[in-house]
Amino acid sequence: MAEILLIEDDVTIRTALTRGLRELGHVVSSSPTALDGLRLAVRDRPDLVVLDLGLPDLDGAELLPMLRAVSRVPVIVATARDGDAEMVPILNSGADDYVVKPFSAAQLDARVRAVLRRMGDDRSPDTSVTVAGLRLDPRSRDAVLDGAPLELTPREFDLLHFLATRAGEVVTKRELMTEVWQVPYGGADKTVDVHLSWLRRKLGETAQNPRYLLTVRGVGVKLVEPT
């Protein structure tokens with residue numbers, strides 16, 4: 001079970017989620033404000049933070065990069081907002097996952113477990129993976145490209161590492177959603193496309209001029225050695 005910090009200003013939601021998560025075995029602390037939540041995250045070092053976006057003192061979207069500057073704690077954003085226009089910037093700022101209100105404690109628990117599985121590298125080997133000039137170390141979560149460090153979000157690292165362990169194989173987007181995002185039965189292709197686009201930019205390539213990430217139209221993507 002996990003130690004979870006819940007940053008949520010709505011007392012009804014906060015109370016219900018705290019009770020529900022505790023009944024599921026988690027240790028839960030909470031804060032109704034962004035700045036106090038940041039203080040608790042730094043002081044208590046929880047296993048995971050659940051962050052509401054609509055906080056009274058500071059929008060959760062503004063708190064997220066502040067939290068990322070001082071901690072690598074996994075963050076699940078809880079929001080009433082939906083759609084790519086709202087959520088892509090949040091994911092780009094360092095959120096590991098998000099849930100859209102209303103949701104139950106059981107649904108949140110499933111997301112918590114999935115994120116912590118990814119962060120713990122439960123399905124990844126302990127040895128580093130090297131493909132040409134790309135090296136990924138799952139123990140330190142360091143990524144290096146041609147001798148220079150790559151600044152990757154946790155989700156970007158997980159995606160790139162999974163593809164690197166399957167180098168030369170075509171991996172479908174549904175499999176990526178299942179294995180990397182831990183979403184049963186696949187999910188939205190656009191989520192994968194967005195993260196692949198971010199990875200390509202950091203790898204110094206494009207979909208039209210790929211080096212490592214080759215799209216196989218109508219099938220999926222594979223990671224290859226540059227030619």
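**Note on a sheet and two nonpolar cores**

1. Strand E11 and strand E12 (residues 220-223) run antiparallel and are joined by 4 bridges. One residue pair can be named here: Leu213 has Leu223 in E12 as its bridge partner. The model is a predicted one.

2. These strands belong to an open sheet of 3 strands, ordered E10-E12-E11, with antiparallel pairing. Strand E10 (171-172) and strand E11 (213-216) are the edge strands, each pairing on one side only. In general, the strands of a sheet pair through backbone hydrogen bonds, and the pairing may be parallel or antiparallel.

3. Which helix packs on the sheet? Helix H6 (residues 154-165) does, and it touches E10, E11 and E12. The direction of H6 makes about 75 degrees with that of E12.

4. The largest nonpolar core has 27 residues. Those touching the most other members are Leu134, Leu160, Leu163, Leu176, Leu213 and Leu223. At least two residues of this core come from each of strand E6 (129-131), strand E7 (134-137), strand E8 (142-145), H6, helix H7 (173-179), helix H8 (189-203) and E12. H6 gives the most, with 6 residues. The bridge partners Leu213 and Leu223 are thus named twice in this note, once for the sheet and once for the core.

5. What does Leu134 contact, leaving aside its neighbours within four places in sequence? Its contacts are Val129, Val144, Leu145, Leu150, Leu160, Leu203, Tyr212 and Leu223.

6. A second core, separate from the one above, has 23 residues. Among them are Leu40, Val49, Val73 and Val194.

Definitions and conventions
Residues are numbered from 1 along each chain as its sequence is written. This is a predicted model: local features need pLDDT of at least 70, side-chain atom pairs count only at pLDDT 80 or more; totals for chains, interfaces and linings use all residues. Side-chain values use heavy atoms; hydrogens and water are left out. Two strands pair if DSSP finds at least two bridges between them. Contact means heavy atoms within 4.5 Å. Axes are lines fitted to C-alpha atoms, for helices over the stretch in contact, and angles run from 0 to 180 degrees between N-to-C directions. A nonpolar core is a set of buried Ala, Val, Leu, Ile, Met, Phe, Trp, Tyr and Cys residues joined through side-chain atoms within 4.5 Å. Buried means under 20% relative accessible area, exposed over 50%, partly exposed in between (1.4 Å probe, protein chains only).
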